[in-house]
Amino acid sequence: MKLIVGNWKMYKTGEEAEAYLHALLPLVAKAASRIYLAVPFTAISKAVSIVKDSKIVIGAQNMHDVSEGAFTGEIAAKMLVEAGAKFVILGHSERRRYFHEDNAFINKKVKRAIESQIQPLLCIGETLEERTAGKTEEILKRQLTECLAGLNAQQLATLIVAYEPVWAIGTDQVATPETAQTAQAFCRKQLQELFGEEVAKHTPILYGGSVKPENAKELLSQHDIDGLLVGGASLSVNAFSQIVNIEETNL
Ligand code: PGA
């Protein structure tokens, strides 16, 4: 079953989230895919209560690595859990780029998420400069190795990985299905080398970066694309529901 994750980023107040979800629910009631939505912190509780009888799973877009402390403006895993978040996006390229998060910090966050029983969705991906320099595989290998350091196969039972080439995020420059497939097959191979066959087989590897209803089907038909991480297009009920409703049987 494919996993479609919406990432609202810093969009939608609680009120806007409410209107969106009431419109989305009837449109996705029969969807074959699993549906996750990473919403702003302030919309989590409200979103959780609105979707409670549906298949939609609500999560967060970031968290800090320590359990609590003097970190003004940050949010802890247990606070997300209390609000009802079931998963958390970690290591998104916007966090890496604008907030200078590195692999070591992301590794601590992944560990805290697992310990707090909140499902980690780890984002990795190369920049255009790295791709042009032929370093894509080297970067993906380093990100997986360092972000998942010190964890074992059992701890990674709930891990989700998203391959998001930085040059494709918010740019309308979607990776071709072949480019995404090649990178994602490489990620799976790395997971196998690092943690064994079970983790490689069971970890959903999503593609993210300028996914739209028009390109989603072709991406989803690739062997190593287990789902999609959708930013901009997830803000529209219409676009997101179209992506979620792509029939698996037609892939
Ligand atoms: P995009 O964002 O779909 O707007 O390119 C994807 C993401 O940042 O997760």
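User: Which strands does helix α10 lie across, and what is its angle to β8?

Analyst: Helix α10 (residues 213–220) lies across β1 (3–7), β7 and β8, running at about 150° to β8. Contact here means heavy atoms within 4.5 Å. The angle is taken between N-to-C directions of lines fitted to C-alpha atoms, for helices over the stretch in contact, on a scale from 0 to 180 degrees. Keep in mind that this is a predicted model, where local features need pLDDT of at least 70 and side-chain atom pairs need 80 or more, while totals for chains, interfaces and linings use all residues. Numbering starts from 1 along each chain as its sequence is written, and side-chain values use heavy atoms, with hydrogens and water left out.

User: What makes β7 and β8 a pair?

Analyst: Strands pair if DSSP finds at least two bridges between them. β7 (residues 205–208) and β8 (residues 227–230) have 3 bridges, in the parallel sense, so they qualify. One bridge partner of Y207 sits in β8: L228. As for the labels, strands are DSSP runs of E with at least two residues, helices are runs of H or I with at least four, and both are numbered from the N terminus.

User: In what order do the strands close into a barrel?

Analyst: The 8 strands go β1-β2-β3-β4-β5-β6-β7-β8, with parallel pairing. Neighbouring strands of this sheet are turned by 25° against each other on average, direction ignored. Helix α8 (residues 177–195) packs on the sheet too, touching β5 (119–124), β6 (160–163) and β7, and its direction makes about 145° with that of β7.

User: Why does the K9 side chain count as a polar contact of the ligand?

Analyst: A polar contact is a pair of N or O atoms within 3.5 Å; within protein, one must be able to donate a hydrogen and the other to accept it, and residues adjacent in sequence count only if both atoms are side-chain atoms. A polar side-chain atom of K9 lies 2.7 Å from a ligand oxygen, so the pair passes. For E164, a side-chain N or O atom is 2.7 Å from a ligand oxygen, and for G170 a polar backbone atom is 2.6 Å from one. The protein buries 96% of the 280 Å² that the ligand exposes when taken alone, by the Shrake-Rupley method with a 1.4 Å probe.

User: What makes S210 unusual in its phi?

Analyst: Most residues other than glycine have a negative phi. S210 has a positive phi of about 55° although it is not a glycine, and it lies in the loop between β7 and α10. K12 also has a positive phi, about 85°, in the loop between β1 and α1 (14–28).
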